[in-house]
Amino acid sequence: MAAGLPERSRGRAVVVGVADHNGWAVLVSAAAVNGKPAVVDRRRVALIENGVPSQPYHHETLALSDAESEQLLRKVRRSITESTALAFDRLSADLSPRYRVSSITIRQPPLERLPATVGEVHRSYHVTCRADGMLYHSAICAAARERDWKVALHPRGEEMSKAAEALQVSADEVERFIDDLKLTLKAPWTAEHRNAFAAAIGRLSQVRLDSVPQPATIHRRRPKER
């Protein structure tokens, strides 16, 4: 664990499903309660400070010199790193002592790698459109690993099928149960929340899910709201 990080609690293991975006993310924390998946926390978090450009590759750097672009990127990276760390620390503190984060699951990155310079990024429109997302994805994964949280990547769109595999039921059944949580949870319960929870279930089975619940008995726990 990196120096200066809070001591890890001994609570029940939680998997955090992350739906990442440029500048923000949805975090849905899932735990096994009586052997069944439950939402114990969900929140939207900022991944960059107000006033700092959230998509510098796609916007601001197009009108800057190379030197100015790299200077701006250093500022953006610093803000993303600090904001992501703050979001994770707040989540961990709010979950403790009853729960502890053991891992996160997040969609596969938009690019295999981020080019080293802004100039290299701008040589490809495909890369330019995805480079900003890489800033956030990389910061999320790095912050998780600094806290000794395992990082699991999954393909976009396969969240429900991964949960179904873990619970040994059909993807339609999983989707129906997760969608029905809107009846017991307060809004918001968007597609991003549902997919993040499904992805966490898929990972949770490898961490703490001791018994496979039948669909009608999936536990629904009112989560903390942020």
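**Helix packing and backbone features of the predicted model**

With a relative accessibility of 1%, Ser69 counts as buried. This residue belongs to helix 1, in what is a predicted model. Leaving aside residues up to four places away in sequence, Ser69 touches Thr61, Leu64 and Val118. Val118 is a partner from further along the chain: Ser69 and Val118 are 49 residues apart in sequence, yet their C-alpha atoms are 6.7 Å apart in space. Helix 1 also carries Arg90, and here the setting is another one, as Arg90 is exposed, with a relative accessible area of 53%. Between the C-alpha atoms of Arg90 and Val45 the distance is 10.0 Å, with 45 residues separating the two in sequence.

These two residues can be placed in the overall chain. The protein chain holds six helices and six strands, and from the N terminus on, the order of elements is β-β-β-α-β-α-α-β-α-α-α-β. Of the 226 residues in the chain, 48% are buried. Among contacts between residues at least 6 apart in sequence, 73% join residues at least 24 apart. The accessible surface amounts to about 11,400 Å², and carbon and sulfur atoms account for 46% of that area.

The pairing of helix 4 with helix 5 can be followed in some detail. Two packed helices are described by the angle between their axes and the distance between the axes. For helix 4 (residues 159-167) and helix 5 (residues 171-180), the axes come within 8 Å and cross at roughly 105°. An angle from 65 to 115 degrees counts as roughly perpendicular, and helix 4 and helix 5 are therefore roughly perpendicular to each other. On the helix 4 side, the contact is made by Met160, Ser161, Ala163, Ala164 and Leu167, which meet Ala171, Val174, Glu175 and Ile178 of helix 5. Sorted by class, the contact between helix 4 and helix 5 consists of seven nonpolar residues, one polar residue and one charged residue.

Which residues of helix 4 are buried? The buried set comprises Glu159, Met160, Ala163, Ala164, Ala166 and Leu167. Viewed down the axis of helix 4, the buried residues fall within an arc of 160°, so they line one face of the helix. An α-helix has 3.6 residues a turn, so residues three or four places apart point the same way. The cover over the buried residues of helix 4 includes strand 4, strand 5, helix 5 and helix 6.

Helix 5 can be read in a similar manner. Val174, Phe177 and Ile178 are its buried residues. Seen down the axis of helix 5, these residues lie within an arc of 95°, so they line one face of the helix. Among the elements that cover the buried residues of helix 5 are helix 4 and helix 6 (191-204). Val174 and Ile178 are thus found in both descriptions of helix 5, as buried residues and as residues that meet helix 4.

The backbone offers a few further points to look for in the structure. Most residues other than glycine have a negative phi, and most peptide bonds are trans. Where does Gln168 lie? Gln168 sits in the loop between helix 4 and helix 5, and just after helix 4 it takes a positive phi of about 60°. Is Gln168 buried or exposed? With a relative accessible area of 66%, Gln168 is exposed. Asp148 likewise has a positive phi without being glycine, with a value near 65°. Asp148 is located in the loop between helix 3 (125-146) and strand 5 (150-154), and at 37% relative accessibility it counts as partly exposed.

Two cis peptide bonds, each leading into a proline, complete this part of the description. The bond from Ser96 to Pro97 is cis, with omega near 5°, and Pro97 is in the loop between helix 1 (66-95) and strand 4 (99-107). The bond from Ala187 to Pro188 is also cis, again with omega near 5°. Pro188 is placed in the loop between helix 5 and helix 6.

Methods
Residues numbered from 1 in each chain as written. Predicted model: local features only at pLDDT ≥ 70, side-chain atom pairs only at ≥ 80, totals over all residues. Heavy atoms only, no water. Axes fitted to C-alpha atoms, helices over the stretch in contact; angles between N-to-C directions. Helix = DSSP H or I, 4+ residues; strand = E, 2+ residues; numbered from the N terminus. Parallel < 35°, antiparallel > 145°, perpendicular 65-115°, else oblique. Contact = heavy atoms within 4.5 Å. Nonpolar A, V, L, I, M, F, W, Y, C, P; charged D, E, K, R; others polar. Buried < 20%, exposed > 50% of the residue type's maximum accessible area, 1.4 Å probe, protein only. Arc of directions from axis to C-beta. Areas by Shrake-Rupley, 256 points an atom, 1.4 Å probe, with all protein chains shown as cover.
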